[in-house]
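Grab the viewer and work through a few short exercises. Try each one on your own before you read the solution.

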Amino acid sequence: KQWYQRRVAITAGNEEDFVTSSEYLVTVCVVVPKQGYKEWEGSYWKLADFVVPESSKRILEEGEQALYTVTMFRKTLDAFKNNAREKKFVVRDFQYSKDKINQQQNEITNLQKAKIKAYVPLIRWLKGNFSEAFVNWIHVKALRLFTESVLRYGLPATFMTAVLEPNKKSEKKLREKLQVLYSNLDKSAAEGPEMGDIPGVFMAGDYYPYVYFDINTAFVEAAREF
């Protein structure tokens, strides 16, 4: 409710869309799902008595829903709300105020200025701390790899750790090669990776005869594009 009040005031806050100085008439906002646009536009004035024909206007559309205004006599508002609710149309109370709109627009302007001001120091801080955070993340991966390997193969810890970065097109082929190469280490994984949860093993989901953890570095490419 609060989100729509703010969005109406900032995005579609035109005074001519609302009746603001009438003792008998009132303009309300109605949230209409996308699949109900046609039904709303063809029948909104039938939802109650004393609804002003051709008074509805779509003032905001976002995602799978839109916001419409509609004007009616105040005495019929409760009946309109109840009938609209039965049709899956949600009535939102909203009072147009030019002062509040100006205040909210000033708040947005100030926030945008604060964002720009903080952007450069933030990027500088991120560049200075990313390396340490990434190293710590890899360290946690290494600890998990060691623990999982001991649980899987036992002591002494006579296993090898490697980092592989295959091309996307060759990933399936690499999986097949590794499956053949290490199938003797765990007979339970000989039939393939989808073994579900295995008691005493941290990993869930795909299961291989070798211990495997994924290191997703897609955010690095995203940062470069940004």
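**Exercise 1.** How much space lies in the largest pocket, and which residues lie nearest its centre?

*Solution.* Keep in mind that you're looking at a predicted model.
- Start with the volume: about 1,500 Å³ of space lies in the largest pocket.
- Next, the lining, which is made up of 39 residues. Nearest the centre you'll find Ala162, Val163, Leu164, Tyr212 and Phe213.
- Now go by element. Two or more lining residues come from each of H4, helix H5 (171-182) and helix H6 (218-225).
- H4 gives the largest share of the lining, with seven residues.

**Exercise 2.** Compare the span of helix H4 with that of a straight helix, then find where H4 bends.

*Solution.*
- Take the ideal case: 56 residues in a straight helix, at 1.5 Å a residue, would span 82 Å.
- Then take the model. Helix H4 covers residues 98-153, yet its end C-alpha atoms are only 71 Å apart.
- Look along the helix for a bend, and you'll hit one of about 40 degrees at Asn129.
- Finally, step just past the end of H4: Gly154 has a positive phi there, about 80 degrees.

**Exercise 3.** Which residues of H4 are buried? Pick out Ile101 and decide whether this residue is buried or exposed.

*Solution.*
- The buried set in H4 is Ile101, Gln104, Lys141, Leu145, Glu148, Ser149 and Arg152.
- A bit of helix geometry helps in reading that list: an α-helix has 3.6 residues a turn, so residues three or four places apart point the same way.
- On to Ile101, which sits in helix H4. Its relative accessible area is 6%, and buried means under 20%, so Ile101 counts as buried.
- Check a partner far off in sequence: Asn14 is 87 residues away from Ile101 along the chain, but the C-alpha to C-alpha distance is 9.8 Å.

**Exercise 4.** Now for some backbone oddities. Which residues are joined by a cis peptide bond, and what are the phi values of Phe50 and Lys88?

*Solution.*
- The cis bond links Leu155 to Pro156, with omega at about 0 degrees. Pro156 belongs to the loop between H4 and H5.
- Phe50 isn't a glycine, but its phi is positive, near 65 degrees. You'll find Phe50 in the loop that runs between helix H2 (37-43) and strand E2 (57-62).
- Lys88 isn't a glycine either, and its phi is positive at about 70 degrees. Its loop lies between helix H3 (77-86) and strand E4 (90-92).
- Sort the two by accessibility. Phe50 has a relative accessible area of 46%, so it is partly exposed. Lys88 comes in at 63%, so it is exposed.

**Exercise 5.** Zoom out: how many helices and strands does the protein chain have, and what share of its residues counts as buried?

*Solution.*
- Count the elements and you get six helices and four strands.
- Read them off from the N terminus, and the order is α-β-α-β-β-α-β-α-α-α.
- For burial, 27% of the 226 residues in the protein chain count as buried.
- For the surface, the accessible area of the chain is about 16,500 Å², and carbon and sulfur atoms hold 55% of that.
- For contacts, take those with a separation of 6 or more: 67% of them are between residues 24 or more positions apart.

How values were computed
Residues numbered from 1 in each chain as written. Predicted model: local features only at pLDDT ≥ 70, side-chain atom pairs only at ≥ 80, totals over all residues. Heavy atoms only, no water. Expected span 1.5 Å × (residues − 1). Bend = angle between axes of the 7 residues up to and from the residue. Buried < 20%, exposed > 50% of the residue type's maximum accessible area, 1.4 Å probe, protein only. Contact = heavy atoms within 4.5 Å. Areas by Shrake-Rupley, 256 points an atom, 1.4 Å probe, with all protein chains shown as cover. 1 Å grid on protein atoms, 1.4 Å probe; cavity = no way out; pocket = protein on both sides within 12 Å on 5 of 7 lines; lining within 4 Å. Points joined across faces, edges and corners; volume = space filled by probe spheres on them.
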